[in-house]
Amino acid sequence: MSIRKARFVIVSARVKWFPVFISFPLRCLYEVIEGAQDIMSLFTRATGRAWKTLEDAEDALDLIRGVGALDFASIDIKKPDARVKIKVLLR
Amino acid sequence: MRILEMVRSGKITPEEGEKLLAAIGQGEQKQAAAKRTMLRIRVDASDPESDGRAKVNVNVPLAIAKKAMGLLSLVPKETRKELSDKGIDLDAIDLRELIEMFESGGLTEELVNVETGTDEKGAKVKIYVD
């Protein structure tokens, strides 16, 4: 049985009483990385470390996609004067 | 069962049978370790001075966890301080080493399991692989 690759990142948050919901395709992150690589290629002095970071980010994205559906993070911080709830899901 | 039959029929000695059983057990343990691919971080902390409470659940694929070693920075400052007061330094924990130990079969239990304080006012940090 093959695992269906994750395609979307879904971020839902609640800061005090304001709900926030963001959903975007994982492909967007690839585009961001590719864009950053394109910009960096314009600069001859771009450090190897920066390239390595971008390559690592791309590898990490591949791995994340391969995992399939994943409840990546759930953060719930409650204080008397504030409440923050964040959920990051991959679907 | 087959090993027991082999010992009974005299094909192998009891000592050899014991070695075979141990080898099979190790193999199963390694297989189980290979199947577990998710690093799970659970933090449940409450601030003793206020009524604040923080719950953090993070699930990270092992392959990514090895690359992103800054995961322990997700532990809230208050919890970090509380643990440090109890003599537990989270910064000193080398997750990469622990994961590698787990993958090699040298470690089969939780990577980190720390509890301080009481249930109401305390912190629980649990990092495990499953």
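How many helices and strands are there in chain B? In this predicted model, chain B holds five helices and four strands, and the sections below place these elements beside those of chain A.

## One sheet across two chains

The strands of both chains take part in an open sheet of eight strands, whose order is 2(A)-1(A)-4(A)-3(A)-2(B)-1(B)-4(B)-3(B) and whose pairing is antiparallel. Strand 2 (18–25) of chain A and strand 3 (112–117) of chain B stand at the edges, and each has a single partner strand, so one side of each is left without a neighbour in the sheet. From one strand to the next, the twist averages 5°. As general background, the strands of a sheet pair through backbone hydrogen bonds, and they may do so in a parallel or an antiparallel way.

## The strands of chain A

Starting from the edge in chain A, strand 1 and strand 2 of chain A run antiparallel and are joined by eight bridges, and within this pair Ala13(A) stands opposite Val20(A) of strand 2. Strand 1 (residues 8–15) of chain A is also joined to strand 4 (residues 82–90) of chain A, again in the antiparallel sense, by seven bridges; here the bridge partner of Ile10(A) is Leu89(A) in strand 4.

Strand 4 of chain A pairs in turn with strand 3 of chain A, antiparallel and over nine bridges, and Leu70(A) has Leu90(A) of strand 4 as its bridge partner. These two strands, 3 and 4 of chain A, are joined by a hairpin through two residues.

## Where the chains meet

Which strand of chain A pairs with strand 2 of chain B? Strand 3 of chain A does so, in the antiparallel sense and over six bridges, with strand 2 of chain B covering residues 53–61. In strand 2 of chain B, Lys55(B) is the residue that stands opposite Asp76(A).

Counting contacts between the chains, 16 residues of chain A are in contact with 14 residues of chain B. On the side of chain A that touches chain B, the elements that give two or more residues are helix 2 (48–67) and strand 3 (70–79) of chain A, and strand 3 gives the most, with ten residues. Sorted by class, this side of chain A has ten nonpolar, one polar and five charged residues.

## A helix in the open

Is helix 1 of chain A largely buried or in the open? Of its 16 residues, the number buried is zero, so helix 1 of chain A lies largely in the open. The length of this helix, which covers residues 26–41, can also be checked: at 1.5 Å a residue it should span 22 Å, and its end C-alpha atoms are 23 Å apart, which agrees.

## Inside chain B

Read along its sequence, chain B follows the pattern α-α-β-β-α-α-α-β-β. Among contacts in chain B between residues at least 6 apart in sequence, 51% join residues at least 24 apart. Helix 4 (residues 77–85) of chain B lies across strand 1, strand 3 and strand 4 of that chain, and runs at about 95° to strand 4.

Of the 130 residues of chain B, 15% count as buried. The largest nonpolar core has 17 residues, and those with the most contacts inside it are Leu39(B), Ile41(B), Val43(B) and Ala65(B). In chain B, strand 1 (38–46), strand 2, helix 3 (62–67), helix 5 (95–103) and strand 4 (122–129) each supply at least two residues of this core. Leaving aside residues up to four places away in sequence, Leu39(B) touches Val60(B), Leu62(B), Ala65(B), Ile99(B), Ile127(B) and Val129(B).

Notes. Residues are numbered from 1 along each chain as its sequence is written. Chains are lettered from A and ligands numbered from 1 in the order in which they are written. This is a predicted model: local features need pLDDT of at least 70, side-chain atom pairs count only at pLDDT 80 or more; totals for chains, interfaces and linings use all residues. Two residues are in contact if their C-beta atoms, placed from the backbone, lie within 7 Å. Ala, Val, Leu, Ile, Met, Phe, Trp, Tyr, Cys and Pro count as nonpolar, Asp, Glu, Lys and Arg as charged, and the others, Gly among them, as polar. Two strands pair if DSSP finds at least two bridges between them. The expected span of a helix is 1.5 Å times one less than its number of residues. A residue is buried if 20 or more other C-beta atoms lie within 10 Å of its own, exposed if 12 or fewer, and partly exposed in between; C-beta atoms are placed from the backbone. A nonpolar core is a set of buried Ala, Val, Leu, Ile, Met, Phe, Trp, Tyr and Cys residues joined through C-beta atoms within 7 Å. Axes are lines fitted to C-alpha atoms, for helices over the stretch in contact, and angles run from 0 to 180 degrees between N-to-C directions.
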